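Dear colleague,

I am passing on the structure below, and after it you will find a short account of what came out of looking through it. Please read the account with the coordinates open beside you.

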Amino acid sequence: MNIIGPDALVFGVDDVAACAQYLTDYGLKPVGDGRFEALDGTAIVLAAKDDPSLPPPMQTASMLRKTVYGVADEKTLGAIAEELGRDREVKRLADGSIEAADDMGFVLGFQVTVRRPLDLPAEAVNAPGAPPQRQPNHVAVDEAAPALPRTLSHVVYFVPDLAKAEAFYVERLGFKCTDRLVGAGPFLRPAGTLDHHTLFLIQTPPFMKGIEHFTFHMGGPTEVMLAGTRFVNKGYQSFWGPGRHRFGSNWFWYFNSPLGCHVEYDADMDLHDEAWVARETPMGADASQLFLFQQRDKWAPGGPPPGAAGAAERH
């Protein structure tokens, strides 16, 4: 199955205005009809939770209503419809896409991908012993530089039956396990991308079934830091990060959101082909991140050490 990755996530939310402002401040572009796009056209779609056009909600607090996967071509779309149609309803929608539910009840859409090709520079790093990536007099730090989400990277589900959920994506849709956090779940990659994962599954009780987070790829770690700092300065609450994951190697910064899930910026994810052998390690803080920073207010040499004022007040 030549599935590329998620083209869009559709939410039915309590406060459309607050969620729309959040996604705009995050860096997505509002293009109408509740759609907020990254640079390549992948998107988050918002509607009111009682909008009758939405798929029905899960019987939990999750606001996610649908995950829309982009596929390479009509042939792949037909193959998915045939495969899933063997044991469940597959709807053919007016826009040419198809819709079905996975074995956990998450509604999935499949469409020929809307992703636009990107031709953008990556972050350039100068390192001793390697040819310069930035030429002389090309300054790397630009406080006014854009830092915009480039493409929808991945989504993370809470699932009550991990084995059953994983089997659906692997056996029915051709996803591969790239790595596994034992006690949490697998990182899964569809055949149409080399990204370490576009889906991560986490075993949880049934009442938690839903989405944990989604993220968009940025142009590099500096863009993650720049976008995240701007987000904090707009008043949004950092949840985890900035830091760098072990499995996938991607830089990350997570934030709380009014969409009922966390929202992440990420960059520089590993790529894997069919030769890769999945790793396994027990879930834990050391397995989850290589290192983790804590965002603080700016500081300059000559002033009191960061945190000193707060420490003095506590004593």
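**Helices on the sheet**

Helix α4, which spans residues 221–233, lies across β14 (238–245), β15 and β16, and its direction makes an angle of about 15° with that of β15. Please keep in mind that this is a predicted model. Helix α1 (residues 16–26) lies across β13 (210–217), β15 and β16, and here the angle of about 15° is the one to β16.

The two strands named with both helices, β15 (residues 251–255) and β16 (residues 262–267), are paired with each other in the antiparallel sense over five bridges. Within this pairing, W253 has Y265 of β16 as its bridge partner.

Both strands belong to an open sheet of 10 strands with mixed pairing, whose order is β17-β10-β11-β12-β9-β13-β16-β15-β14-β18. At the edges stand β17 (279–282) and β18 (289–292), and because each has a single partner strand, one side of each is left without a neighbour in the sheet. On average, and with direction ignored, neighbouring strands of this sheet are turned by 20° against each other.

One residue in a loop may also interest you: H196 sits between β11 (185–189) and β12 (199–203). Is H196 buried or exposed? Its relative accessibility is 0%, and since buried means under 20%, H196 counts as buried. Apart from its neighbours within four places in sequence, H196 is in contact with residues that include D179, R189, D270, H272 and R279, as well as F187, L188 and F247.

With best regards

Note on methods
Residues numbered from 1 in each chain as written. Predicted model: local features only at pLDDT ≥ 70, side-chain atom pairs only at ≥ 80, totals over all residues. Heavy atoms only, no water. Pairing = 2+ DSSP bridges. Helix = DSSP H or I, 4+ residues; strand = E, 2+ residues; numbered from the N terminus. Axes fitted to C-alpha atoms, helices over the stretch in contact; angles between N-to-C directions. Contact = heavy atoms within 4.5 Å. Buried < 20%, exposed > 50% of the residue type's maximum accessible area, 1.4 Å probe, protein only.
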